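Here are my notes for a first read of this model. Have it open beside you and go through the points in order.

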Amino acid sequence: VSFRYDSTNEKAINNISIDIPGNTMAAFVGHSGAGKSTIINLLPRFYDPQEGSIEIDGQNIKHVSLKTLRRNLSMVSQDVILFDDTIKNNILYAKNDATEDDIKKACKFAAADEFIEKLPNGYNTIIGENGIRLSGGQKQRISIARAILKESPIILLDEATSSLDADSEEIVQNAIVNLTQNKTTLVIAHRLSTIHNADKIFVMKNGEVVNSGNHDFLISNCEEYKSLYKKQLK
C-alpha cells in the first residue's frame, strides 16, 4: 500500500505490506510523521490508498459498503468526540438498541461506572459540548465504554492515553485490556511501556516499516526501536 495526502508530494505511506492475524494485537511505533496515524485512518476508509489494497478476511475493503466496514471497527483516539447530551446517550451512540443493563456492563468494563455513579444525575448527567464537564480520563473511559458496547471485532487505538496523568492512564490502560480481549487490535502508542504485550510491533520511519517483531526481538535487532525506547527511559 502507498498513500499520499493531497497537500503534499511526499508519500505518507510508501509501499508497505503487512499482515495482522485475527485476535492479535499489532502496535505501530515511530517518530512523529512516520505514518502511524495514516495506517489507522485508511482502515475505516477516511482515505483510500493510491496504490495497493487493504483486505480484511481476504475481502478488499473498497468492495464492501462503508456502513458494513465501519460497523466492524471501533476507534478510540486521543480526541474523543462527545455530544452535549447525557452520558447514557453518548454511550448509546454506538448501539441504539442497547439495554440499560448493556450500558452499565460496558461502563463497568471501561472502569467508567465508578465516576458516573458519583455524579448527581448518574447516567442522565448532561456532559456539555464535547464533554467539557468531564476530565480527560473520564472522556476516554466513556469512549472505551462506547467501543465495548459496539462489540466490533476490530479495535483501532490511536494514542488513547497520551494526554493523561499517571493515575488516569493506569485506569484507562486496564479498561483497554478489557476492550481488546479476543479482538483484533491495532494500536499507536507514543509511550512504549503501553505496548510491551503486543504480539507484533511494527517500527515505522518515513512512511515505511523498517522492522517488526516483539519487544525483546526489536531491542536486540532494531536501532530505531532501541533509540525510541532509550529516549523514553530518560
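1. A word on burial before anything else: a residue is buried under 20% relative accessible area, exposed over 50%, and partly exposed in between, using a 1.4 Å probe and protein chains only. With that, C107 is buried at a relative accessible area of 0%, and C222 is buried too, at 6%. The count of disulfides comes to zero, where a disulfide is a pair of cysteine sulfur atoms within 2.5 Å.

2. Some housekeeping. This is a predicted model, in which local features need pLDDT of at least 70 and side-chain atom pairs count only at pLDDT 80 or more, while totals for chains, interfaces and linings use all residues. Residues are numbered from 1 along each chain as its sequence is written, and side-chain values use heavy atoms, with hydrogens and water left out.

3. Now find the sheet. It is open, has six strands in the order 4-5-6-1-7-8, and its pairing is mixed. Strands (E, at least two residues) and helices (H or I, at least four) are DSSP runs numbered from the N terminus, and two strands pair if DSSP finds at least two bridges between them. At the edges sit strand 4 (73-77) and strand 8 (208-213), each pairing on one side only. From one strand to the next, the twist averages 20 degrees; angles run from 0 to 180 degrees between N-to-C directions, with axes fitted as lines to C-alpha atoms, for helices over the stretch in contact.

4. Strand 1 deserves a closer look. Residues 25-29 make up strand 1, which pairs with strand 6 (residues 184-188) in the parallel sense over four bridges. There, A27 has V187 as its bridge partner, and A26 stands opposite L186. Strand 1 also runs parallel to strand 7 (residues 200-205), joined to it by four bridges, with F28 partnered by F202.

5. How many of the residues of strand 1 are buried? Five of its five. Both faces are covered: M25, A27 and V29 are buried on one side, A26 and F28 on the other. Part of the surroundings is helix 7 (residues 166-180), which lies across strand 1, strand 4, strand 5 (154-158) and strand 6, and runs at about 155 degrees to strand 5.

6. Turn next to helix 9. Its buried residues are E224, Y225, L228 and Y229. Seen down the axis, they fall within an arc of 130 degrees, so they line one face of the helix; the arc is that of the directions from the helix axis to the C-beta atoms. These buried residues pack against strand 1, strand 7, strand 8 and helix 8 (215-221), contact here being heavy atoms within 4.5 Å. The face turned away from the buried side carries the exposed residues E223, K231 and L233.

7. Last, the aromatics. Rings of Phe, Tyr and Trp (its six-membered ring) pair if their centres lie within 6.5 Å; planes under 30 degrees apart are stacked, over 60 edge-to-face, and the rest tilted. The count comes to six aromatic pairs. Y225 and Y229 are a stacked one, 6.3 Å centre to centre with 10 degrees between the planes. They are separated by about one helical turn because they sit four residues apart in helix 9 (residues 223-233). Y225 has a relative accessible area of 0%, while Y229 counts as buried at 18%. Elsewhere, F3, Y5 and Y47 form one aromatic cluster.
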